[in-house]
Each structure stands twice: as structure tokens, then as C-alpha cells.
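Colleague: I am new to this structure and would like to know what stands behind each term that you apply. Could we go through the terms one at a time?

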Amino acid sequence: MSLLLSPAMASANMNVSYSDNILELGYSVDIKDDSYLYLGADSANWFAVGYGHAYMFENYVRLSGYYEYSQWDNVLLGDFGVRTNSHLIDLSVTKFFPASSIKFGGKYELIDDSGWEFEAGDKQVLYTGYSRYFEKWYASATYTHSLRQYDDEMWGDSDSDYRSNELELTLGWNQVWKVSPYIKGTAFRMYGDNTGYSWSVGGSVSF
């Protein structure tokens, strides 16, 4: 789901994205005017279920909250792996203008490895974004700062707390026969490492 959404939301959306040889599918459906359910899965054996709620004020300021539970495989020591799960909470505020919007938010993710404690810990995220809307297309930029902390004995010291920064640029087109495609480029830098780059393509179909 796009980080910056327009004030109006369709009753249901099917989302598709492809990045780094991973295909992801998501389905979101409104259960009320101001809340929705989300189901997602990808080709790397990840799946998630989430619930979102938003409230729009008369001055076009929207407060949003989202909770997601997810699971995926953590492959260790060759083919041997453990099942990892997480609980994610995302809180944000968005201000809409006639042809643009700005967004500020934070996320907290609690990660557990079902007793193996290889990746157990938490992740804290702050992000801000700006979107500009045109007649047939839109452009957005999002900056994210993350702190990843580990709780297990293998990684559980101060030197293993990783901070990272990410800049994401998206170019999308407005609905064409209920289809909204986009392309996205991302620059990612973890503390002490070189900057990495990735790209993705995707879109949504509204029902």
C-alpha cells in the first residue's frame, strides 16, 4: 500500500509489486468508511494480516493507525531455518492540500524467532513524505530513519544495534480502467556501509 494515499479510498484493492526477484500480492478491503483489512503474501514465503483505521478532520488532516501481524522464514546454516513473526504498529498524520500532501509517522515492530532468538528484538522507524498530484500522474518522496535492536546473546550488544536511512522516490499514474501502476526507486544506507540501490514496479486494481 502506498505510503501517501489520497483522501478517497476504494472499497477494495488488489496490489501487486515486484522487487529483487520477489513478487508480492496484497488485498485490502474497506470494512467501514474509515477502516480496512489487509492480507498480503510474497514469493519468499512471507504472509501478513493487518487492520487499519483512519479519521479525517474537516481541515483535511488525517490521523491513521495500522496493526500488522506477519510471518516469514529465516534460513540459517544452509537449508535449516526458523519461523520468524512480528507485530507492527504504524501511526501517522497526513495533511492534504489542493494538489499535494505531506505525511509524518512512526513505526514500532516487535520481532520474535519462536524461541531461537536469532533475529529477536525490535525495530523503531520515523518517516516523512511528500506527494505532488497532477492531472494524470503523481510523484512522491519518502525519507525513513530506522533503528534495529537485537535481544539475543549472539547480537545483543550495543555494537549490533543498526541504524539505517532510506530515500524512496515513486512515480505513479492515476487510474486507467481502475488500474494504478507505479515505478519506485530506493537508496538505502546502513551505518558504516555503502549506499545500496533497488527498484520496484507495481500497481493496484480497484473494485
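Modeller: Let me begin with burial: a residue is called buried under 20% relative accessible area, exposed over 50%, and partly exposed in between, with a 1.4 Å probe and protein chains only. Phe134 has a relative accessible area of 36%, which lies between those limits, so Phe134 is partly exposed. This is a predicted model, in which local features need pLDDT of at least 70 and side-chain atom pairs count only at pLDDT 80 or more, while totals for chains, interfaces and linings use all residues. Residues are numbered from 1 along each chain as its sequence is written, and side-chain values use heavy atoms, with hydrogens and water left out.

Colleague: What makes Tyr36 and Tyr66 a stacked pair?

Modeller: Rings of Phe, Tyr and Trp (its six-membered ring) pair if their centres lie within 6.5 Å, and planes under 30 degrees apart count as stacked, over 60 as edge-to-face and the rest as tilted. The centres of Tyr36 and Tyr66 are 6.1 Å apart and their planes stand at 15°, so both values meet the limits and the pair is stacked. The structure holds four aromatic pairs. Another of the stacked kind is formed by Phe134 and Trp137, with 4.2 Å from centre to centre and 15° between the planes. Trp137, at a relative accessible area of 35%, is partly exposed.

Colleague: Which parts of the chain does the pair of Tyr36 and Tyr66 tie together?

Modeller: Strands (E, at least two residues) and helices (H or I, at least four) are DSSP runs, numbered from the N terminus. Tyr36 lies in strand 3 (residues 35–42) and Tyr66 in strand 5 (residues 61–76), so the pair ties together parts that are 30 residues apart in sequence. By that definition the protein has twelve strands and zero helices.

Colleague: Why are Tyr36 and Tyr66 called buried?

Modeller: The relative accessible area is 14% for Tyr36 and 13% for Tyr66, and as the limit is under 20%, both residues are therefore buried. Of the 207 residues of the protein, 35% count as buried.

Colleague: What makes a set of residues a nonpolar core?

Modeller: A nonpolar core is a set of buried Ala, Val, Leu, Ile, Met, Phe, Trp, Tyr and Cys residues joined through side-chain atoms within 4.5 Å. The largest one here has five residues, namely Tyr36, Tyr38, Trp46, Ala48 and Tyr66. Contact, for its part, means heavy atoms within 4.5 Å, and Tyr66, leaving aside its neighbours within four places in sequence, is in contact with residues including Tyr36, Tyr38, Leu88 and Ile89.

Colleague: How do you know that Lys95 lies over the face of Phe97?

Modeller: A charge sits over a ring if NZ of Lys or CZ of Arg is within 6 Å of the ring centre and within 35 degrees of the ring normal. Lys95 is at 5.5 Å from the ring centre of Phe97, which satisfies the distance limit, and Lys95 is found to lie over the face of that ring.

Colleague: How do you know that strand 1 and strand 2 pair?

Modeller: Two strands pair if DSSP finds at least two bridges between them. Strand 1 (residues 12–19) and strand 2 (residues 22–32) have eight bridges in the antiparallel sense, so the condition is met. One of the partnerships joins Ser17 to Glu24 in strand 2. Strand 1 also pairs with strand 12 (residues 195–206), again in the antiparallel sense, over six bridges, and there the bridge partner of Asn13 is Ser206.

Colleague: What stands out about phi of Asp20?

Modeller: Most residues other than glycine have a negative phi, and most peptide bonds are trans. Phi of Asp20 is near 50°, a positive value in a residue other than glycine. Asp20 is in the turn of the hairpin that strand 1 and strand 2 form with two residues between them. With a relative accessible area of 52%, over the limit of 50%, Asp20 is therefore exposed.

Colleague: Why is Glu168 called buried?

Modeller: Its relative accessible area is 18%, which is under 20%, so Glu168 is buried. Glu168 lies in strand 10 (residues 162–173), and its contacts beyond four places in sequence include Ser140, Ala141 and Lys184.
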